[in-house]
Amino acid sequence: MLFHLPGWNSGLKEWILQRFTGIYILLYFLYFMFYFLFNSDFNFSYLGWINFYSSFYFKIFTLLLIFSLTLHLSIGMSIIINDYLKFYILRILFDLVINFLLLAYIFFIMQILWGFK
């Protein structure tokens, strides 16, 4: 698991974390959907998208979404890896590769988000 905390070896805690991250992901996309449905004056041009993404609060909420997605994916992939890979070395290798890719994903998205002026 990417964000492994000491003493968090219980499956119940991972289940609860995955539910909270799933709820945040759902709320983020519901906000996104309702914003476009009920904001009829939004301009779907390049300038409209730049203005939408340049808000500090939107960047923070999107960054929280990325952290939630990576935590959700890390827990899910860790469970899948532990269920289907029986060799200990393969489990560690796959877990390291997936977590490295998720960290790279976080840094790449942070660079994109804070690249908007």
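Q: Why is Trp-49 called partly exposed in this predicted model?
A: Trp-49 has a relative accessible area of 28%. Buried means under 20% and exposed means over 50%. The value for Trp-49 lies in between, so Trp-49 is partly exposed.

Q: What makes Phe-36 buried?
A: The relative accessible area of Phe-36 is 18%. The cut-off for buried is under 20%, so Phe-36 counts as buried.

Q: Why is the pair of Phe-36 and Trp-49 called tilted?
A: The ring centres are 5.3 Å apart, and the planes stand at 55°. Rings pair if their centres lie within 6.5 Å. Stacked needs under 30 degrees and edge-to-face needs over 60. An angle of 55° fits neither, so the pair is tilted.

Q: Which parts does the pair of Phe-36 and Trp-49 tie together?
A: Phe-36 lies in helix α1, and Trp-49 lies in helix α2 (residues 46–53). The pair therefore ties together parts 13 residues apart in sequence.

Q: What makes Tyr-28 and Phe-32 a stacked pair?
A: By the same ring rule the count is 17 aromatic pairs. Tyr-28 and Phe-32 form one with 6.2 Å centre to centre and 25° between the planes. The distance is within 6.5 Å and the angle is under 30 degrees, so this pair is stacked. Both residues lie in helix α1 (residues 11–38), about one turn apart. Both are buried.

Q: How do you know that Ser-68 is buried?
A: Its relative accessibility is 11%. Buried means under 20%, so Ser-68 qualifies. Ser-68 sits in helix α3 (residues 56–84). Beyond its neighbours within four places in sequence, Ser-68 contacts Thr-21, Tyr-24 and Ile-25.

Terms used:
Residues numbered from 1 in each chain as written. Predicted model: local features only at pLDDT ≥ 70, side-chain atom pairs only at ≥ 80, totals over all residues. Heavy atoms only, no water. Helix = DSSP H or I, 4+ residues; strand = E, 2+ residues; numbered from the N terminus. Buried < 20%, exposed > 50% of the residue type's maximum accessible area, 1.4 Å probe, protein only. Contact = heavy atoms within 4.5 Å. Phe/Tyr/Trp six-rings, centres within 6.5 Å; stacked < 30°, edge-to-face > 60°.
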